[in-house]
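Student: I would like to learn how to read a protein structure step by step, beginning with what lies inside and what lies outside. Could you take me through it?

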Amino acid sequence: LFAREVSGDVPKMPIGFVNGTLRISNIPVDKLATGYISILKIFQEIVAGFSAWSRMLPGKWASLSDVDGVVFIDELEAHLHPRWQAKIVDVLKKFFPKATFFVTTHSPLIVRQTEPGEAIEIVREGDRVTSRSLGSPRDWFLADVYAEAFHVPIPAAGTDGGEQKPLTEVMLDLSTAVRTFTQSKDATDREAALALHGEVDGRLPADDPRRVPLQALRSLLG
C-alpha cells in the first residue's frame, strides 16, 4: 500500500519480503519505531474494514481508494513523530479520497492541517456538551492554534510567560541599578540592585552562561 505513488513531499515507505521477513524501507517490521507501527496499524485497519465491505458489495467500488466509507480514529497523533503529525491528515485524504474521517486529537499540528469547517472543538459546560467550529486553522499561525483550539496561550519570544516580567528586562534593570549604585554609593540604591540580583539569580539555570556577567555585576555591589 505504501509503495503507491503519492504526490507532494509525503515520505514513501517501500514494502517487500526479504528472506521471508516483511521489511519496510529495508527494516524488519518488528524493528520499526512505534510511530511507524502506528501508521501501519491505521492503514491496516482501514484496508481491512474497506475490504470487508468490498466483498459484501462486489462491483460497487473499483478499488479501495474509491470506497466512500466512514472511519473513526481516536487520538490520531499517538506515538507519531511531529513530522508525521504534520502530514498524516493529507496522507489519509490522498489514499482514501472518498472516505469520511472522524478524528480526535490533542495535536495542534494535526488541527492545523484541516480545511475550513473541518475542525470542531467539543466543549463541556457542566452537564452539557456542545461544539463550535474552529474556522480555518490551516490559515493560522501555530501559536494561534494553541490559543484558539486548545486555550493555551504561547508567550511571545523572549518572554517567560505568566505574570513575571521577562528575564531579559529584569537583567537590564539590574545593570542600570548597579550603574546607579556605583555612581551614588547610596545604601538604598545598593539594596535595590541586590533585590534585582536575587530575582535574576533565582530564575537562571545553574549552568546558564549569563551567570558570568551576573557574577561580575554582583562583585560591583560589594
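Student: How many of the 222 residues of the protein count as buried?

Tutor: This is a predicted model, and in it 29% of the 222 residues count as buried. Looking at the outside instead, the protein exposes about 14100 Å², and carbon and sulfur atoms supply 57% of that area.

Student: Which secondary structure elements should I look for in the protein?

Tutor: You should find eight helices and seven strands. To see how the chain comes together, look at contacts with a separation of 6 or more, of which 55% are between residues 24 or more positions apart.

Student: Before I trust the details, what is the average pLDDT of the protein?

Tutor: The average is 84, and 89% of the residues score at least 70. Among the elements, strand E1 (residues 15-18) has the lowest mean pLDDT, 73, while strand E5 (residues 100-103) has the highest, 96. Where pLDDT is low, the predicted coordinates should not be read in detail. Residues 1-11 are a case to keep in mind, for pLDDT stays under 50 there, although the model has 23 contacts for them beyond four places in sequence.

Student: Which residues have the most contacts inside the largest nonpolar core?

Tutor: That core has 20 residues, and those with the most contacts inside it are Phe 43, Ile 46, Phe 50, Leu 76, Ile 88, Leu 92 and Phe 96. The elements that give two or more residues to this core are helix H1 (34-56), strand E4 (70-73) and helix H3 (88-95). Apart from this core lies another one, of 11 residues, which includes Leu 174, Val 178, Leu 204 and Leu 214. Returning to Ile 88, and leaving aside neighbours within four places in sequence, you will find this residue in contact with Leu 76, Leu 80, Ile 110 and Gln 113.

Student: Is Ser 38 buried or exposed?

Tutor: Buried means under 20% relative accessible area, and Ser 38 is therefore counted as buried, because its value is 15%. This serine lies in helix H1 and, not counting residues up to four places away in sequence, touches Ala 78, His 79 and Leu 80.

Student: Where is His 79, and what can I learn from its phi angle?

Tutor: Most residues other than glycine have a negative phi. His 79, in the loop between E4 and H2, has a positive phi of about 70° although it is not a glycine, and at 59% relative accessibility this histidine counts as exposed. Glu 75, found in the loop between E4 and helix H2 (82-85), has a positive phi of about 55°, but with a relative accessible area of 27% this glutamate is partly exposed.

Student: Which residues form a nonpolar patch on the surface?

Tutor: Leu 142, Tyr 146, Val 152 and Ile 154 form such a patch, with about 300 Å² of accessible area together. Leu 142 belongs to helix H5 (residues 142-150) and counts as partly exposed, because its relative accessibility is 34%.

Student: How many residues apart in sequence are Pro 213 and Ser 175?

Tutor: They are 38 residues apart in sequence, and in space the distance is 9.8 Å, C-alpha to C-alpha. Pro 213 is found in helix H8 (residues 211-219), and with a relative accessible area of 43% this proline is partly exposed.

Technical notes. Residues numbered from 1 in each chain as written. Predicted model: local features only at pLDDT ≥ 70, side-chain atom pairs only at ≥ 80, totals over all residues. Heavy atoms only, no water. Patch = residues over 30% accessible without salt bridge, like charges linked within 9 Å, V, L, I, M, F, W, Y side chains within 5 Å. Areas by Shrake-Rupley, 256 points an atom, 1.4 Å probe, with all protein chains shown as cover. Salt bridge = Lys/Arg side-chain N within 4 Å of Asp/Glu carboxyl O. Helix = DSSP H or I, 4+ residues; strand = E, 2+ residues; numbered from the N terminus. Buried < 20%, exposed > 50% of the residue type's maximum accessible area, 1.4 Å probe, protein only. pLDDT = per-residue confidence, 0-100. Contact = heavy atoms within 4.5 Å. Core = buried A, V, L, I, M, F, W, Y, C linked by side-chain atoms within 4.5 Å.
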